[in-house]
Amino acid sequence: MDKRSWLQLAVALAAAALGSHAAAQEAWKIGTVVAPPSMLGVIVDESAAAIGKATGGKITAERFQNPNEQELTQNILRGRLEMGYISATGMAVAVPEMGVLNMPYLWRSEGERDYVLDKVIPPLLEQILAARGITLVKIGEAGWTSLFCKTACTTPDKMKGMKMRVSPTAGAKLFADRLGVNGAGMSLADFYPALQQGVVDAGDLTFSFYLIGPAAQAAPHYVFTRHNHQPAFFIAHKPTWDKLTAEQRSAITAALPNASDTRRRVAADEEPKKAMHRSKGGFVHDLTDEQRAEWAKVIEPGLPALAESYGGRAKELFTAIQRGKADFAAGRR
């Protein structure tokens, strides 16, 4: 074989090797609404890097941002995205039972919430999601949703008749109805100009999300009602996940952050953001447990019927949560 033939053979072998490597390596996208510099965006990017490291580079992952969680969830169901970091609200359209986890004043304390979410309901959640073609990989965090208004809306009675944007969920509608607000359903894209133009005077968002849009200027009073907890979840397209080896699944799960760490980082991120909001002329209203309880008294009576309205196994999930809360209160944990 002459020199030219040897060179051609070497190039062909190198190309084949590269092609084989490319075929062996999978590129995943993690669908999410968050992005740096938000803490949740940082966590998702760290998780993407951790997946690559945990699989020795056989799977590479990157954040795929889209402001519509419902669309992201549908793309995971269809296998167009391999993974997602999605809130319970974002999944609730495709998996109605997830709306139970987004009900207002479901939790009286963070300790109660952590115990039930981490120790009691994961097996049931795994079953509910698997039936829809989704694998629950790990529980995460998105923070608490609270109210913000153009005035200091620090007690339930101050909400009566107030013009408020109500997100398109049954839990949000219940919250608005029981508070007696003048609710208007609209998307976030429509909400911001409506707030600036005085069509509405209040809304509710997580604090970090509130700060990155025009709401913080148009309605500067943020009241930490913490009426609505937003758990988030690392989820995967089930057929994609099931193709992995047991070792790969274990390695990826172990590499993703624990819920306790994510909650700690999200909570710690609040304090500097409070200071930042105040420095720009905003107002931060922290509520005591007793003050939050006054809000909860207005909302809680409507929760059992709301849970039943979701259908599927929602009532079973709500009942399991109530049992877990009773165990927590009794110290049986």
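This report walks through a few residues, a disulfide and a pocket in a predicted model.

## Ser146 and its polar contacts

A good place to begin is strand β5, which covers residues 143-149 and includes S146. Is S146 buried or exposed? With a relative accessible area of 0%, S146 is buried, because buried means under 20%.

The side chain of S146 has backbone partners to look for. One is the backbone nitrogen of R226, reached at 2.9 Å. Another is the backbone nitrogen of T225, which the S146 side chain reaches at 3.4 Å. Both T225 and R226 also appear among the residues that S146 touches, if those up to four places away in sequence are left aside. Counted in that way, the contacts of S146 also include G203, D204 and L205, along with Y222, V223, F224 and H227.

## Tyr222 and its surroundings

One of the residues touched by S146 is Y222, so it makes a natural next stop. Y222 belongs to strand β9, which spans residues 221-230. At a relative accessible area of 0%, Y222 is buried.

What does the side chain of Y222 reach? The answer is the backbone nitrogen of F207, at 3.1 Å. F207 is also on the list of residues that Y222 touches, again leaving out those up to four places away in sequence. That list includes W144, T145, S146, L147 and F148, then L205, T206 and Y210, and further along the chain F283, V284 and H285. A separate pairing links Y222 with G282: the two lie 60 residues apart along the chain, while 7.9 Å separates their C-alpha atoms.

## Met164 in strand β6

Strand β6 runs over residues 163-166, and M164 is found there. M164 is buried, its relative accessible area being 2%. In sequence, M164 and V199 are 35 residues apart; in space, the distance from C-alpha to C-alpha is 8.8 Å.

If you step through the contacts of M164, not counting residues up to four places away in sequence, you will meet L147, M159 and F175, the run V181, N182, G183 and A184, and then V200, A202, G203 and D204. G203 and D204 are also among the residues that S146 touches, and L147 is among those that Y222 touches.

## The disulfide

How many disulfides does the model hold? The count comes to 1 disulfide, formed by C149 and C153 with their sulfur atoms 1.9 Å apart. The torsion about the S-S bond is about 90°, so this disulfide is right-handed.

Are the two cysteines buried or exposed? C149 counts as buried at 0% relative accessibility, and C153 counts as buried at 1%.

## The second largest pocket

The second largest pocket holds about 190 Å³ of space. Its lining is made by L117, D118, P122, E126, L136, V137, K138, I139 and A259. To find it in the structure, look for α5 (110-120), α6 (122-130) and β4 (134-139), each of which supplies at least two lining residues.

Which element gives the largest share of the lining? That is β4, with 4 residues. As for the character of the lining of this pocket, 6 residues are nonpolar, 3 are charged and none are polar.

Notes: Residues are numbered from 1 along each chain as its sequence is written. This is a predicted model: local features need pLDDT of at least 70, side-chain atom pairs count only at pLDDT 80 or more; totals for chains, interfaces and linings use all residues. Side-chain values use heavy atoms; hydrogens and water are left out. Buried means under 20% relative accessible area, exposed over 50%, partly exposed in between (1.4 Å probe, protein chains only). A polar contact is a pair of N or O atoms within 3.5 Å; within protein, one must be able to donate a hydrogen and the other to accept it, and residues adjacent in sequence count only if both atoms are side-chain atoms. Contact means heavy atoms within 4.5 Å. A disulfide is a pair of cysteine sulfur atoms within 2.5 Å. On a 1 Å grid over the protein atoms alone, a cavity is a set of points where a 1.4 Å probe fits but cannot get out, and a pocket is an open set with protein on both sides within 12 Å along at least five of seven lines; lining residues have an atom within 4 Å of a point. Grid points are joined across faces, edges and corners, and a volume is the space filled by probe spheres set on the points. Ala, Val, Leu, Ile, Met, Phe, Trp, Tyr, Cys and Pro count as nonpolar, Asp, Glu, Lys and Arg as charged, and the others, Gly among them, as polar.
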